[in-house]
Amino acid sequence: MPSCLWDAVVVPSGLPALEALANTDTVPAFLGDAWRHGKSIRVLGNGNALLDVAGLAVTSGDAGVVHDEAEADASRGDAAFVVALSAYRHPPRQKPRRALA
């Protein structure tokens with residue numbers, strides 16, 4: 001399914017889940033599309049490994065990205081993710097469209 005059908009992505013934690021998702025053709029491509037479309041992304045625990053597989057250099061300062069590891073507790077991460085969702089999209093991550101000549 002294309003990422004344009006979803007408002008956000010939650011990247012799970014846990015090595016077995018990450019390995020299973022990384023070994024598909026669709027999940028890394030889906031994450032890349034969600035990133036380029038400026039969707040909110042919640043990264044749980046060691047979920048950054050899956051973003052690395054997708055070729056995304058995501059940092060905790062990126063607009064619309066909420067890392068659990070950067071939060072003191074999960075409830076603050078939840079609140080930050082709700083705020084990110086309220087923005088709907090995060091344009092700084094979107095590639096500018098080319099103008100027609």
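## Ser 40, a buried residue in strand β2

In this predicted model, Ser 40 has a relative accessibility of 0% and therefore counts as buried, since the word applies to anything under 20%. Ser 40 belongs to strand β2, and its side chain makes a polar contact with the side chain of His 90, at 3.0 Å. Another residue that can be compared with Ser 40 in sequence and in space is Ala 87: the two are 47 residues apart in sequence, while their C-alpha atoms are 8.4 Å apart.

What happens to the other side chains of β2, on either side of the strand? Both faces of β2 turn out to be covered, because Ser 40 and Arg 42 on one side are buried, and so are Ile 41 and Val 43 on the other.

## The chain as a whole

The secondary structure of the chain consists of four helices and three strands, and these elements follow one another along the sequence in the pattern β-α-α-β-α-β-α. The chain has 101 residues, of which 34% are buried, and it exposes about 6,200 Å², with carbon and sulfur atoms supplying 59% of that area.

The contacts of the chain can also be sorted by distance along the sequence. If one takes the contacts between residues at least 6 apart in sequence, 71% of them join residues at least 24 apart.

## The three-stranded sheet

Strands of a sheet pair through backbone hydrogen bonds, and the pairing may be parallel or antiparallel. Here three strands form an open sheet in the order β1-β2-β3, and the pairing is parallel. Strands β1 (8-11) and β3 (65-67) stand at the edges with a single partner strand each, so one side of each is left without a neighbour in the sheet. From one strand to the next, the twist averages 10°.

Strand β2 (residues 40-43) is joined to β3 by three bridges, and four bridges join β1 to β2. Within these pairings, Ile 41 of β2 is the bridge partner of Val 9 and also stands opposite Val 65 in β3, while Val 43 stands opposite His 67 in β3.

Which side chains of β1 are buried, and which are not? They alternate along the strand: Val 9 and Val 11 point to one face and are buried, whereas Ala 8 and Val 10 point to the other face and are not buried.

## Helix α2 and its surroundings

In α2, the buried residues are Val 27, Pro 28, Phe 30, Leu 31, Gly 32, Ala 34 and Trp 35. An α-helix has 3.6 residues a turn, so residues three or four places apart point the same way. The cover over the buried residues of α2 includes the three strands β1, β2 and β3, together with α1 (15-22) and α3 (48-53). Just after α2, Gly 38 takes a positive phi of about 75°.

## The largest nonpolar core

The largest nonpolar core holds 16 residues, and the members that touch the most other members are Val 11, Leu 31, Leu 51 and Leu 56. The elements that give two or more residues to this core are β1, α2, β2 and α3, and the largest share, five residues, comes from α2.

What does Leu 56 touch, once residues up to four places away in sequence are left out? Its contacts are then with Leu 31, Gly 32, Trp 35 and Leu 51.

## Tyr 88, a residue with a positive phi

Most residues other than glycine have a negative phi. Tyr 88, however, has a positive phi of about 65° although it is not a glycine. Tyr 88 is found in the segment after α4 (74-86), and its relative accessibility of 42% places it between the limits of 20% and 50%, so Tyr 88 counts as partly exposed.

Notes. Residues are numbered from 1 along each chain as its sequence is written. This is a predicted model: local features need pLDDT of at least 70, side-chain atom pairs count only at pLDDT 80 or more; totals for chains, interfaces and linings use all residues. Side-chain values use heavy atoms; hydrogens and water are left out. Two strands pair if DSSP finds at least two bridges between them. Axes are lines fitted to C-alpha atoms, for helices over the stretch in contact, and angles run from 0 to 180 degrees between N-to-C directions. Buried means under 20% relative accessible area, exposed over 50%, partly exposed in between (1.4 Å probe, protein chains only). Contact means heavy atoms within 4.5 Å. Accessible areas come from the Shrake-Rupley method with a 1.4 Å probe; for residues, only the protein chains shown count as cover. A polar contact is a pair of N or O atoms within 3.5 Å; within protein, one must be able to donate a hydrogen and the other to accept it, and residues adjacent in sequence count only if both atoms are side-chain atoms. A nonpolar core is a set of buried Ala, Val, Leu, Ile, Met, Phe, Trp, Tyr and Cys residues joined through side-chain atoms within 4.5 Å.
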